[in-house]
Every structure is written in C-alpha cells, then in structure tokens.
Protein chains: 2
Amino acid sequence: MKIAIVGSGSVGTYYGAKLAHGGSDVHFLMRGDLSDVRRDGILVRGRGENFQVVKINCYNSTQEIGPCDLVIVALKATSNADLVDLVPPLLKERTMLLTLQNGLGNEEFLAEHFGADRVLGALCFIAVDRHSKSEVERYAYGHVVLGEFNRVSQPRTREVAAEFSRAKVHCSVTDNLALERWRKLIWNIPFNGLSIVAGRIDTAAIVADKNLRELTIALMNEVITAANKCGHALPNDGWQEHIKRSETMSGYKPSTLQDWEAGKPLEIEAIWGEPVRRAAASGGKMPLTETIYALLNKMDQGRGSP
Amino acid sequence: MKIAIVGSGSVGTYYGAKLAHGGSDVHFLMRGDLSDVRRDGILVRGRGENFQVVKINCYNSTQEIGPCDLVIVALKATSNADLVDLVPPLLKERTMLLTLQNGLGNEEFLAEHFGADRVLGALCFIAVDRHSKSEVERYAYGHVVLGEFNRVSQPRTREVAAEFSRAKVHCSVTDNLALERWRKLIWNIPFNGLSIVAGRIDTAAIVADKNLRELTIALMNEVITAANKCGHALPNDGWQEHIKRSETMSGYKPSTLQDWEAGKPLEIEAIWGEPVRRAAASGGKMPLTETIYALLNKMDQGRGSP
C-alpha cells in the first residue's frame, strides 16, 4: 500500500514515521527545507518507544509523490483550502483519503472536492508534540479509531487498520465515525478551549481549579446533549471517563495551546464553530461552547506574533 | 452634613471632590502619601467640567476625621474587611453609611458589622478614571441612584440626594435598591467580565465583535432571568437600552479592566460570585455568568504584577 502523508505537524509526522518504521511504503509531503529530514531521518521518542527512521521519502510537492493507494491528511483544518491543489496528483481510481484532523467538517470537505466514496476518517487519541521537522515526542496514548465517511466499515477499512496494527499503532474500527467524532469533542471542546481562554494553561491546571473543573463538566454535558440532538447517541455519563482520564494523565498542552504558542492558526471552526452550527441546525443549543467560541475568536484576532 | 469619604479611587475621589466643590463639608481618608493632595488639591476634568478643589481635608486615619453624619464607602469590595477597623471612629448615633460599591453583598456587609438601620446604597453610572491621587477624569455620565437597604426611601435619603444635587451630581432616589443593583449588573456582568476574559479589550471592541456582542446579549438575558427568579422584576427587553448605550458611547475600559491594568484586586465576588450564589439559592442558574466567573478567577490567579 503506497501511502502519502499530507501535513507534517506532530500527528502526521508521528503516524507517518510509525508506518514507515513498520515497513509501509510512506511518502511525506513536507513543504520548505527538507535537508534536515533527508540527513537525519525522523526520531520518535516517547513512552516505551525510541527509534529513528533513517531513510525518509520526503518531497516538496505531491506531483513528485504521484498516485497513491492511501492519502493521510494531517494538515491543520485551517489549511484545508490548500488540499484542492495538493491532493489531485495523489489520486488514482480507488485512492482512499483518510483525514486524521480534529473536529467536524473535514470529511465533508474532502467528500465535496474529491468524492464521498474515497473518504475515511480517524480519531487520534494521542498527546504528541513536534520538536523539529525530524523529531516528535509522544507523551501519552496513541491509539486510533478508524471509520468510513457516512458508511459502515468496509473490507478496505480493515486493510488500513491492518497497516496501522502492523506498525504497532493500536487501531480499532468503528461503524459510526460521526458518533466517535462527537465523542472525542467531549474532551476537545472543554480542554482545548479552556487551555487558551483561561490563560494559556495545561490540562492539569484546568482540572486542579475547582471552578474550571465544574465548567469542564458542564461543557462536556453540553456536548453530549448536542450530540444526542444531532442523532448521535452518547451516554449521559459519558463525561466521567474523560474527566478521569485527564485527572490521571500528567499536565498536557492540548493541540490548540500548542498552536497558540507556536503562532499557528487555531482550529476554531472545526472544534467549536461547526459543532455549534450542527447543534443549531438540529434545534439544539450550546451556549457554553458558543461562549468559548466567541472568546477564542476574539483572542485569536488579538494575538501578535509568537 | 459632615461627610467622610472612605476609599479614594476614581469613584470616591470624583464624588468627594464634586461634593466639596458644591460646598459640602467633606473629609477624605487617603492612606499613604498626602503631600500632593495637600499641595495641589484635586483636579476634576471631564465632559463639560473642569475645576480644582484647592483645599482638601485629607487624613491618614479615620480617628483624625472623627464622627460624621454620612460615611461614603468607595473602597474596592475586595477591601471590605478593612472597614471593620476604619468605620467605627466615624460613627455617632445616627451616622449613615452609604456604599457606592459595585455588585451585590456590600450593603449586607455593612449591615452585619454596623447595623442595618444605618445602611444606604447607591449605583454610580459613571465612566471615570483616576490619573493620580489629585486628578480624576470623567469620560461619560455621572448620575447616581440612591436608596435605602431593604427599606423604601426615607426623609434622610432625600437629604443625602439633596447634598448630591447641590453639588450638580444628577441624583435620583429609588424605593427598591436591590432591583436597581440587579439592573446595573445587566451591564457590569457582561462588559466588566468580557473586558478581561476576551483579552483586555474595551467596550467598543466588545460590541464591534459579532460573537461577543451576541454573548453580551445572552449574558444580559441571563442576568434578567436570574433577577426575576430572585424576585426583582426586570423587563425581559431590559438588555436593549444597555446595548444601545454601549454602542453609542465611545470605547471605555470598565472598572475591572482598569483594576487589572493597575494590578489591583478584581471585584469578582461582588459582580459575578454573589449574583450566581443568589440565583442558585432561588433555584436559578447562570451558566454563562459562571463561565465568566471561573475564567476570571483563574486568570486573576495567573496574572503577575502589573
């Protein structure tokens, strides 16, 4: 299976390196200077793993990569417009497009531009940071939940999952990707949001503060109610596992805080805007999420360079 | 009427200087260095007024002031504990205590420590800033709404109002001070709060941002609903005048933002904490206000020196 990785932030670099290390035929699109990666390969550090992929296939353009069997999209959702030009050289008749991006709306974007039949999505449960183009560090977790866009899983879904499994990435397959997207938002909407609007703090600082912990739970319940309103049946006590997970994991900077600190665009529409709009379209309301959304937008406009 | 001013921030200095200028017998408690004020008096600048009160009675202790007819309390609510020692030297049998402080709970504090019969309260609708101990600038408004604590207005209420009116401060008397406190919160809860949590911005920046303007209206409606739940009948469209006022007034930094920038304590409990608790005690909920409250508390802990 020839695989392209489009988007070489922390997530794309980590999973791409894992797949390459596991023996997959991986080709990275890396815009900008490639000399470090060509010289050093990619170093993956983290809990219980420490390896270097010495030879990396990396390119400045997708024309150089050419048609693939699987294209893994790991760009920031804020750069989706770039995909319109980046993806076509990677396509042949049955090429699969798999987005690892956060939030809602990314499968729909790919479907609209390249056809719904090609589209898969995955939730990445991982705490990872990129120290440079050639070094990523995984702090916790790493598993992937994989599914088809608006379809139950197919034989090809299992083939992709097998590719991840061979690379020692724990990967499960879901028949209901949309439900899993909402389930992940139970965590992302409060923690990614509060990490910024409560003053650039990590997950440990959020759960250690009594008021913020209560607000986190209120946001989680709001997400669950909205998901149910949109037809995705999440259990009413679904917030408990998420809170417990964050209480036991050591302090971590959610991706949005990492983006803020790096002066990068924030995925505001995918994580907060689109869920609010979908809830509204189903007659639901997310006033707390809207509050975070309004504050994030304003603070994002107001920030200077990193 | 011998008047003491306890608390010489912008509000205490402005109204004290107005009263002195109007001919009242005013005595300022000003802790710290008094030499500037003793030398220069107090300069009041602002829309349509520009005057200097040359001779200021100012003191380092309330013992030096001695018993008064009226004690005007204009400390930050966060310093209320200081009043336990500051006020007694100012009291005689019928001394009135008038708090100009923001938010809820200040009349109750005075009543608990010095007797409910003495207590009056006023809402100050004013945009004012203190440039130094001896200079304040009024940007807009200035009128005062005066009332008795848990009583309808009394003959003495009118006497105090007459003192303000003689000093050319527009002053009206209310028979329902608690209702007016909630009415003022319709403005303070969103604008004072968002001025901090949306990234230290003024009122013009808040209403100019579509999302923040909507959030402001949602917060205003929440305050109105909570007030009604607590038995204070505010009209459901009560938010409209407040929004209009802020849209026509030029950008202004609410007192909480001024406090933040000066490195002073924020009146978080009086403006957000106490309303949330009172609503809850009446079976009401203020989730958006709680959100602002949680964020303010955390950001307040996180801020360094100015």
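Start in chain A and select domain 1 and domain 2: their centres, taken over C-alpha atoms, lie 24 Å apart. Keep in mind as you click around that this is a predicted model. To make the selection, use 2–175 for domain 1 and 179–302 for domain 2, the bounds that the domain assignment gives for chain A.

**Stop one: between the two domains of chain A**

Colour the two domains of chain A separately and look at where they meet. You should find 26 residues of domain 1 in contact with 20 residues of domain 2. Together the two domains of chain A bury about 2000 Å², and carbon and sulfur atoms give 55% of that. Now show A:Lys76, A:Asn102 and A:Leu104 as sticks; this trio supplies 37% of the area that domain 1 of chain A buries against domain 2, more than any other three residues.

Stay on A:Lys76 for a moment and add A:Asp259. These two form a salt bridge, with 2.8 Å between the closest N and O atoms. How many salt bridges does the rule find across the interface of domain 1 and domain 2 of chain A? There are three. If you turn on polar contacts here, look for eleven residue pairs between the two domains of chain A, both partners at pLDDT 80 or more.

Next, pick out the elements on the domain 1 side. Helix 5 (106–114), strand 8 (119–132) and strand 9 (135–148) of chain A each give two or more residues to the side that touches domain 2. Strand 8 of chain A gives the most, with nine residues. Colour that domain 1 side by residue type and you get 13 nonpolar, nine polar and four charged residues.

**Stop two: where chain B meets chain A**

Zoom out and bring up both chains. Select the residues in contact: 21 from chain B and 21 from chain A. Chain B and chain A bury about 1600 Å² between them, with 68% of it on carbon and sulfur atoms.

Which elements of chain B should you select on the side that touches chain A? Go for helix 7 (177–197), helix 9 (210–229) and helix 13 (287–302), as each supplies at least two residues. Helix 13 of chain B gives the most to this side, with ten residues. By type, the chain B side that touches chain A splits into 13 nonpolar, five polar and three charged residues.

Finally, try hunting for salt bridges between chain B and chain A: the rule finds zero. The count of residue pairs in polar contact across this interface, both at pLDDT 80 or more, is zero too.

How values were computed
Residues numbered from 1 in each chain as written. Chains lettered and ligands numbered in written order. Predicted model: local features only at pLDDT ≥ 70, side-chain atom pairs only at ≥ 80, totals over all residues. Heavy atoms only, no water. Contact = heavy atoms within 4.5 Å. Buried area = accessible area lost by both parts, 1.4 Å probe. Salt bridge = Lys/Arg side-chain N within 4 Å of Asp/Glu carboxyl O. Polar contact = N/O pair within 3.5 Å; in protein donor to acceptor, adjacent residues only side chain to side chain. Helix = DSSP H or I, 4+ residues; strand = E, 2+ residues; numbered from the N terminus. Nonpolar A, V, L, I, M, F, W, Y, C, P; charged D, E, K, R; others polar. Domains from an automatic or database assignment.
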